[in-house]
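Here is a quick walk through one protein model, from a single side chain to the way its domains meet. Have a look at the structure first, then read on.

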Amino acid sequence: MTDCSNLLSQSPGFQQLAALASSPSQSRGRRHPEPGAPTRNPFQRDRDRIVHSTAFRRLVYKTQVFLNHEGDLFRTRLTHSLEVAQLGRSIARTLGLHEDLVEAIALAHDLGHTPFGHAGQDALHDCMQHHGGFEHNLQSLRVVDHLEERYPAFDGLNLCFETREGILKHCSRTHALALEALEPGGVAQRFLTGQAPSLEAQLCNLADEIAYNAHDVDDGVRSGFITLEQVAQVPLFARFMQEALAEFPVLKGRRLLFDSIRRMLSAQVYDVIAATQAAVAEAGVGTAAQARQAGVLVRFSAEMRSQSTELKRFLFKELYRHPTVTGSMDRATRVVRELFSLYLAEPPANLSRRSEDDLHRSVADYIAGMTDRYALSAHQQWSGQSLFD
Ligand code: MG
């Protein structure tokens, strides 16, 4: 049998990108210095810390698009994160980027999400509008830097700079200035200087988009909120459905859906690999530091970019804005708002209050950490009514 990894590692594209990969031995380190582990590199160790964290286990009961109680087969934040890690690692291996770093970032990228997906985040942001707001990316960093309570000597998971940088994928200038004041030259600096993050972090952003587009088509059709016929009108999906039908003319239903998605995923992975290798060759960068100056290099081809954006637009309009989905989200918004007012008035006994935070921030952390079902049962206990039966 041919050893593909050997063949890959000899290709010029692989060699060129491998020189730009993040290296654990060159890591900018942890905020609290620690001795190395005997058998694992620092990025592997980060991945392991993330997998063992409380916030990671909570992802299993947090909404991706469908509320947790709406069905057992829909994606949750946990299965979404696993799919992002799978796609990210697969692309990283072919490109010569650091797989362990990609895996660590992918598994941690959604740790800061509230219950009830984006509706929960928007509701919490409204509650916090005069107290610094709420943003899930910043919250993911806050979870790994401060909120996890596992180690005797420090708060948080004390992850490497490179993992933390990848977790903070967006950041407003206001938040970047605040973070920079606390950690000069740290993970927020690039938002002020306009530099790109590591190629591994760039890859996780794209793997996130590839994963949710594909699994939301799958979950959307499973839910019945969108139909296979509707998705077949979207050019990116249509191309692979036609390909599947050309090879298997009698294919229909779920197998047709899966086979089309499978082909779409593979084509997107190959597209990212080719487009990224071309972008790196064109940019002519020879070191990781030069790559950061060259803007985002891990990318789709122009055609795939526009088709992926079109699929995203379709999902937004037909699935995320479907009346049944938004109806659930309206009720979820009410749960978050009412719990927020309740806890401000009567802080729960197990509310963890960090000395530097005001009560609003502590309540936001408390609610953001909840799973969908914990939030629903806390709300039901208080209000005596169930909003989701
Ligand atoms: Mg995600």
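## A histidine, two domains and some salt bridges

Let's start with His-360, which sits in helix α19 (residues 359-368). Keep in mind that this is a predicted model. His-360 has a relative accessible area of 19%, so it counts as buried, the cut-off being under 20%. Setting aside neighbours within four places in sequence, His-360 touches Cys-127, Met-128, His-131, Phe-340 and Leu-344.

Now zoom out. The domain assignment splits the protein into domain 1 (43-196 + 348-383) and domain 2 (199-323). Their contact draws on 27 residues from domain 1 and 32 residues from domain 2. Going by C-alpha atoms, the two centres lie 24 Å apart. How much area do domain 1 and domain 2 bury between them? It comes to about 2700 Å², with 70% of that on carbon and sulfur atoms.

There is polar chemistry across this contact too: nine residue pairs in polar contact, both partners at pLDDT 80 or more, link domain 1 and domain 2. On the domain 1 side, α5 (77-95), α6 (99-108) and α9 (161-167) each put in at least two residues. Helix α5 gives the largest share, nine residues. Sorted by class, that side of domain 1 has 15 nonpolar, eight polar and four charged residues.

On to the salt bridges. The whole structure has 28 of them, and four run between domain 1 and domain 2. Here are three from the structure:

| Pair | N to O distance |
|---|---|
| Arg-292 and Glu-165 | 2.5 Å |
| Lys-169 and Asp-208 | 2.7 Å |
| Asp-259 and Arg-262 | 2.7 Å |

Arg-292 is in helix α16 (residues 288-293) and Glu-165 in helix α9, so this pair ties together parts 127 residues apart in sequence. Both Arg-292 and Glu-165 are buried.

Lys-169 lies in the loop between α9 and α10 (173-182), with Asp-208 in helix α12 (residues 199-223), so here the parts tied together are 39 residues apart in sequence. Lys-169 counts as buried at 18% relative accessibility, and Asp-208 is buried as well, at 7%.

Asp-259 and Arg-262 are a local affair: they are three residues apart in helix α15 (residues 253-283), so about one helical turn separates them. Is each partner buried or partly exposed? Asp-259 is buried at 11%, whereas Arg-262 is partly exposed at 45%.

Finally, there is a salt-bridge network that links Arg-40, Arg-47, Asp-48, Arg-89, Arg-93, Glu-99 and Glu-103.

Key: Residues are numbered from 1 along each chain as its sequence is written. Side-chain values use heavy atoms; hydrogens and water are left out. Domain bounds come from an automatic or database domain assignment. Contact means heavy atoms within 4.5 Å. Buried area is the accessible area (1.4 Å probe) that two parts lose on being put together, summed over both. A salt bridge is a side-chain nitrogen of Lys or Arg within 4 Å of a carboxyl oxygen of Asp or Glu. A polar contact is a pair of N or O atoms within 3.5 Å; within protein, one must be able to donate a hydrogen and the other to accept it, and residues adjacent in sequence count only if both atoms are side-chain atoms. Helices (H or I, at least four residues) and strands (E, at least two) are DSSP runs, numbered from the N terminus. Ala, Val, Leu, Ile, Met, Phe, Trp, Tyr, Cys and Pro count as nonpolar, Asp, Glu, Lys and Arg as charged, and the others, Gly among them, as polar. Buried means under 20% relative accessible area, exposed over 50%, partly exposed in between (1.4 Å probe, protein chains only).
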